[in-house]
Structure formats: C-alpha cells, structure tokens
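Reader: I have a model open and a handful of labels to check. Could you take me through the reasoning behind each of them?

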Amino acid sequence: MVRNATTNYIRSRTMAAVSNERLGALLAPVVALTGVDLEDVTTRKSGSRTVVLITIDRDGGVDLDIVAVVSRKCADALEEDGAFGESPYVLEVSSPGVDRPLTQARHWRRAKDRLVNIEMLDGRRVHGRIAETTDESAQILTKTGVESVEFTGVARAVVEVEFGSGKGE
C-alpha cells in the first residue's frame, strides 16, 4: 500500500468556472467504476493554471497503479465533458494523508487497529486503538478498557502517527 500516491496530468485547456460540487458529481461515477471511493474534489489556482485535486481511497489503500487508472479515466471524463474550456489545468489524483479526519464510517473501518485521538462533542477526549467498527460506532481500546464511540457524538477524530523501531512494527 502506498500512502499519498499522486499522479499529475497537465492539460492545456481553458477552465471555465467549475464548482467542486459539479466536478464531484461528474467524477464520482467514473471513480466508482474503478472500485475506489471519491473522497474529495478541490480546485485552487497555481500561477496561470488551475489545480484540480481528486482524493481517492479504498479498503486496503491505493497504490500507484490504481491512481494512474483513476487519473486517466478522470482526465478522459473531464475532456469529454468540456468542463475546462481552453485554460490550462493540472489534474492531481492522490490518496488521503494520515492527517485526514475520520468523518465517515468507512474511514473508521479503514483505520482499524490504528491509534486515534478523538474529541467528543461533550468535551471528552478518547485516545486508543480502533478495535471494531459498525456503520454507527467504533469500539476503542483505551488504557482503561474498551470505550464505545458513537460517530454522531464525535467532534473530531484523527489517526495518530506511530513510529516503529523499523523491525516490522
């Protein structure tokens, strides 16, 4: 599994004003056909070009091969749609970073066995390892036992980066 895999496609076209929502609606079915989830679509200006960043993920993570496939299919869909007119743009397809907040049940499922820091809406903080997940909650192994965390009660949750000894940890 490769984290933060990215490919870039640079097309010399003109970008009409295109909303992130419109791009998401256009690209979600294209991405779904490759067996991955479209996590986010954002645009930003970079000099004279517009950068279109597509974030994808799937159970087991994404590797450079799937990123390349998604990049080609999304580039083709954007060209067919003509969403970018004649302005130059750069298409980047990437996997989410470890600092991505856990906002959906699939994010929690994919982070199983990882350490998480959770801020609850009621002000409590939970720190531990994700043991099990459902569509509504996660069981977190803490130093004091197992705590059930309902996703609707979470203000913010992120995976904690762990550094091992380099011996397979």
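Reader: Let me start with glutamate 150, which lies in strand 8. Why is glutamate 150 called partly exposed?

Author: Happy to help, and please keep in mind that this is a predicted model. The relative accessibility of glutamate 150 is 40%. Buried means under 20% and exposed means over 50%, with partly exposed in between, so at 40% glutamate 150 counts as partly exposed.

Reader: What does glutamate 150 touch, leaving aside its neighbours within four places in sequence?

Author: Glutamate 150 is in contact with Met120, Glu136 and Ser137. Met120 is 30 residues away along the chain, and the C-alpha atoms of the two are separated by 9.3 Å. Contact asks for heavy atoms within 4.5 Å, so the C-alpha separation is not the value that decides it.

Reader: Which strands does strand 7 pair with, and what makes them pairs?

Author: Strand 7 (residues 137-142) pairs with strand 6 (residues 125-133) over 4 bridges, and with strand 8 (residues 145-150) over 6 bridges. Pairing requires at least two bridges, so the 4 bridges to strand 6 and the 6 bridges to strand 8 both qualify under that rule. Both pairings are antiparallel. On the strand 6 side, threonine 133 stands opposite alanine 138, and glutamate 132 stands opposite glutamine 139. On the other side, isoleucine 140 has glutamate 147 of strand 8 as its bridge partner. The hairpin of strands 6 and 7 has 3 residues between them, while 2 residues link strand 7 to strand 8 in their hairpin.

Reader: How do you know which strands are the edges of that sheet?

Author: The open sheet holds 5 strands in the order 8-7-6-5-9, with antiparallel pairing. Strand 8 and strand 9 (154-159) each pair on one side only, and they are the edge strands. From one strand to the next, the twist averages 40°.

Reader: Which other hairpin can I look at, and what is special about phi in its turn?

Author: Try strand 2 and strand 3, a hairpin with 2 residues between the strands. Glycine 47 in the turn has a positive phi of about 65°. These two strands pair in the antiparallel sense over 9 bridges, and aspartate 40 stands opposite threonine 55 of strand 3.

Reader: Strand 3 also holds aspartate 57. Why does aspartate 57 count as buried?

Author: Its relative accessibility is 2%, and buried means under 20%, so aspartate 57 counts as buried.

Reader: What makes the link between aspartate 57 and arginine 100 a polar contact?

Author: Their side chains are joined at 3.3 Å. The cut-off for a pair of N or O atoms is within 3.5 Å, so the pair at 3.3 Å falls inside that limit.

Reader: What makes aspartate 113 worth a look?

Author: The phi of aspartate 113 is near 75°, a positive value in a residue other than glycine. Most residues other than glycine have a negative phi. Aspartate 113 sits in the loop between helix 3 (105-110) and strand 5 (115-120). With a relative accessible area of 45%, between the 20% and 50% limits, aspartate 113 is called partly exposed.

Reader: How many residues are in the largest nonpolar core, and which elements supply at least two of them each?

Author: That core has 24 residues, and Val52, Ile54, Ile56, Val70, Cys74 and Leu91 have the most contacts inside it. Helix 1 (20-32), strand 2 (37-46), strand 3 (49-57), helix 2 (64-81) and strand 4 (88-94) each supply at least two residues. Helix 2 gives the most, with 7 residues. In soluble globular proteins, nonpolar side chains tend to be buried together. Beyond four places in sequence, the residues touched by valine 52 include Leu23, Val41, Phe84 and Leu91. There is also a second, separate core of 15 residues, with Ala111, Val126, Ile130 and Phe151 among them.

Reader: And for the chain as a whole, how many helices and strands are there, and what share is buried?

Author: The protein chain has 3 helices and 9 strands, and 40% of its 169 residues count as buried.

Note on methods: Residues are numbered from 1 along each chain as its sequence is written. This is a predicted model: local features need pLDDT of at least 70, side-chain atom pairs count only at pLDDT 80 or more; totals for chains, interfaces and linings use all residues. Side-chain values use heavy atoms; hydrogens and water are left out. Buried means under 20% relative accessible area, exposed over 50%, partly exposed in between (1.4 Å probe, protein chains only). A nonpolar core is a set of buried Ala, Val, Leu, Ile, Met, Phe, Trp, Tyr and Cys residues joined through side-chain atoms within 4.5 Å. Axes are lines fitted to C-alpha atoms, for helices over the stretch in contact, and angles run from 0 to 180 degrees between N-to-C directions. A polar contact is a pair of N or O atoms within 3.5 Å; within protein, one must be able to donate a hydrogen and the other to accept it, and residues adjacent in sequence count only if both atoms are side-chain atoms.
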